[in-house]
Amino acid sequence: MAVQAPIGTMSRSQTQRRKRIVQTAAALAVRGGVEAMQMRSVAERAGVALGTLYRYFPSKMDLVVAVVTEELDLLEGGIVRRPPTADTPAGRAVDVLLRATRGLMREPELADALVRSLIMAEVKIELDVRITDLVWRVATGSLAVEDAGEDAPDIDREGVDYVLAGSLTSVWIFELVEVLKGRRDVDEVERRLHVAAERLLASF
């Protein structure tokens, strides 16, 4: 079984190669959905050997996750630069989740594959943890430009507030599934998230 190359131990050239692969996969997905992200096609267009591609990404789902992770990086960066301005923790939390929804829905095929990976546990992914961390930081007023990256404040993931923020994230994932199935629109999701957030984050 191939082992995915640890990002933290990569050289600069390896990091650039990995980024090129992810960007190539994203471009293919934009044009033809996840089905267009065939490993051989990605390798050819990225200018790497197929074996090299598999060293970076042991499976197609790993590659899908990497593409969506880039979207999450953009989301987090955007929120740090332009934090939610709602007066309540619930309002700020819903702002984060709606931005995440709109970002993922720009590429619904990728969003669908990601949600399936969460439900089926096809790969180890921490989408829910990353979103919950962000929701918690925004809701508790712990978000600031200087808090980003390595300087981010410690998060007590066993604390009651974090568990409640995680419950809200779980609601969001369910609502995202409903959007992907065509049973909800974003306006309905917003209304339902507000109701859930006001209840779950009432003690913040």
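Reader: Is Arg 184 buried or exposed, and what is the relative accessibility behind that reading?

Author: Buried means under 20% relative accessible area. Arg 184 has 18% relative accessibility, so Arg 184 counts as buried. Please keep in mind that this is a predicted model.

Reader: With which residue does the side chain of Arg 184 meet in a salt bridge?

Author: To read such a pair, one looks for a side-chain nitrogen of Lys or Arg within 4 Å of a carboxyl oxygen of Asp or Glu. The partner of Arg 184 is Glu 178, at 3.9 Å from N to O. Glu 178 is itself buried, with a relative accessible area of 7%.

Reader: How many salt bridges does the whole structure contain?

Author: A search of the whole structure finds ten. One of them joins the side chains of Arg 192 and Glu 175, with 2.9 Å from N to O. Arg 192 belongs to helix H9 and Glu 175 to helix H8 (residues 160–180), so this pair ties together parts that are 17 residues apart in sequence. As for accessibility, Arg 192 is partly exposed at 31%, whereas Glu 175 is buried at 3%.

Reader: Where do Arg 191 and Glu 188 lie?

Author: Both are in helix H9, three residues apart, which is about one turn of the helix. They form a salt bridge whose closest N and O atoms are 3.1 Å apart. Arg 191 is partly exposed, with a relative accessible area of 46%, and Glu 188 is partly exposed too, at 26%. Salt bridges that share partners join these two residues with Glu 175, Glu 178, Arg 183, Arg 184 and Arg 192 into one network.

Reader: How many helices and strands make up the secondary structure of the protein chain?

Author: The chain has nine helices and zero strands. Of its 204 residues, 44% are buried.

Reader: Which residues have the most contacts inside the largest nonpolar core?

Author: In soluble globular proteins, nonpolar side chains tend to be buried together. Here the largest nonpolar core has 61 residues, and those with the most contacts inside it are Ile 21, Met 37, Phe 57, Ile 131, Leu 168 and Trp 172. The largest share of this core, eleven residues, comes from helix H4 (residues 60–81).

Reader: Which residues does the UniProt annotation "DNA-binding region" cover?

Author: An annotation comes from a record and may be inferred rather than shown by experiment. The UniProt record, an unreviewed entry, places this annotation on residues 38–57. In the model, that span is 75% helix and 0% strand, and its end C-alpha atoms lie 12 Å apart.

Reader: Where is Val 48 found, and which residues does Val 48 touch beyond four places away in sequence?

Author: Val 48 sits in the loop between helix H2 (39–46) and helix H3 (50–56). Val 48 is buried, with a relative accessible area of 14%. Leaving aside residues up to four places away in sequence, Val 48 touches Arg 17, Arg 20, Ile 21, Ala 43 and Leu 53. Ile 21 also appears among the core residues with the most contacts.

Reader: Which element has the lowest mean pLDDT, and which has the highest?

Author: Such values express the predictor's confidence in each residue. The lowest mean belongs to H6, at 71, and the highest to helix H9 (residues 186–200), at 97. Across the chain the average is 85, and 85% of the residues score at least 70.

How values were computed. Residues are numbered from 1 along each chain as its sequence is written. This is a predicted model: local features need pLDDT of at least 70, side-chain atom pairs count only at pLDDT 80 or more; totals for chains, interfaces and linings use all residues. Side-chain values use heavy atoms; hydrogens and water are left out. Helices (H or I, at least four residues) and strands (E, at least two) are DSSP runs, numbered from the N terminus. Buried means under 20% relative accessible area, exposed over 50%, partly exposed in between (1.4 Å probe, protein chains only). Contact means heavy atoms within 4.5 Å. A nonpolar core is a set of buried Ala, Val, Leu, Ile, Met, Phe, Trp, Tyr and Cys residues joined through side-chain atoms within 4.5 Å. pLDDT is the predictor's confidence in each residue, from 0 to 100.
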